[in-house]
Amino acid sequence: MIVLLDSAPLGILTNHKANPASEECLRWVRSLLSKNCRVILPEIADYEVRRELLRANKLAGIARLDDWKRKLEYLPIDTAIMLQAAKFWAEARRRGTPTADPKALDGDVILAAQAKLIEPNDDVVIIATTNVNHLSQFVDARLWQEIE
């Protein structure tokens, strides 16, 4: 199984406060890794979390994000991903199911494109998120707490 982290679970992992959600998320990622699942940190999720940490000047959070970036597989954005994202964006608009404001960059379609273009060697590719509705119109997206 290949799991791509959306910004919500990634943000929970970078939270310095020991709370039930952050502890549960940490256990969940460690469990996936112990089962030899590929857990991937997509560049678009890094961007979404990092920009907020920078805005709030949360230097420790940025350090934790950088640590996760080293520990997990990192998936950069490239031209093929952006071309697929543009197709997803246009398809969603034609269907009347947009995932963001028309003027927004729309990280959801970029994340979906990143998931779609992974060549899975018969593995299941899932986006771990809290935003199943937007992403599931393109790829397999599940609540992170429901992925084992």
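How do the residues of the lining of the largest pocket divide into nonpolar, polar and charged? The tour comes back to this after the sheet. The model is predicted, with local features needing pLDDT of at least 70 and side-chain atom pairs counting only at pLDDT 80 or more, while totals for chains, interfaces and linings use all residues. Residues are numbered from 1 along each chain as its sequence is written, and side-chain values use heavy atoms, without hydrogens and water.

Select the five strands (DSSP runs of E, at least two residues, numbered from the N terminus), which form an open, parallel sheet in the order S3-S2-S1-S4-S5. Strands S3 (73–75) and S5 (141–143) stand at the edges with a single partner strand each, so one side of each lacks a neighbour in the sheet; pairing here requires at least two DSSP bridges.

Next, select S1 (residues 2–5) and S2 (residues 38–42), which three bridges join, and find Val3, whose bridge partner in S2 is Val39. Then add helix H3 (residues 43–55; helices are DSSP runs of H or I, at least four residues), which packs on the sheet and touches S1, S2 and S3, contact meaning heavy atoms within 4.5 Å.

Finally, select Thr14, Asn15, His16, Leu53 and Lys58, which lie nearest the centre of the largest pocket among its 13 lining residues. A pocket is an open set of points on a 1 Å grid over the protein atoms alone, where a 1.4 Å probe fits, with protein on both sides within 12 Å along at least five of seven lines, and lining residues have an atom within 4 Å of a point. The lining comprises four nonpolar, five polar and four charged residues, where Asp, Glu, Lys and Arg count as charged, Ala, Val, Leu, Ile, Met, Phe, Trp, Tyr, Cys and Pro as nonpolar, and the others, Gly among them, as polar.

Note on methods:
Axes are lines fitted to C-alpha atoms, for helices over the stretch in contact, and angles run from 0 to 180 degrees between N-to-C directions.
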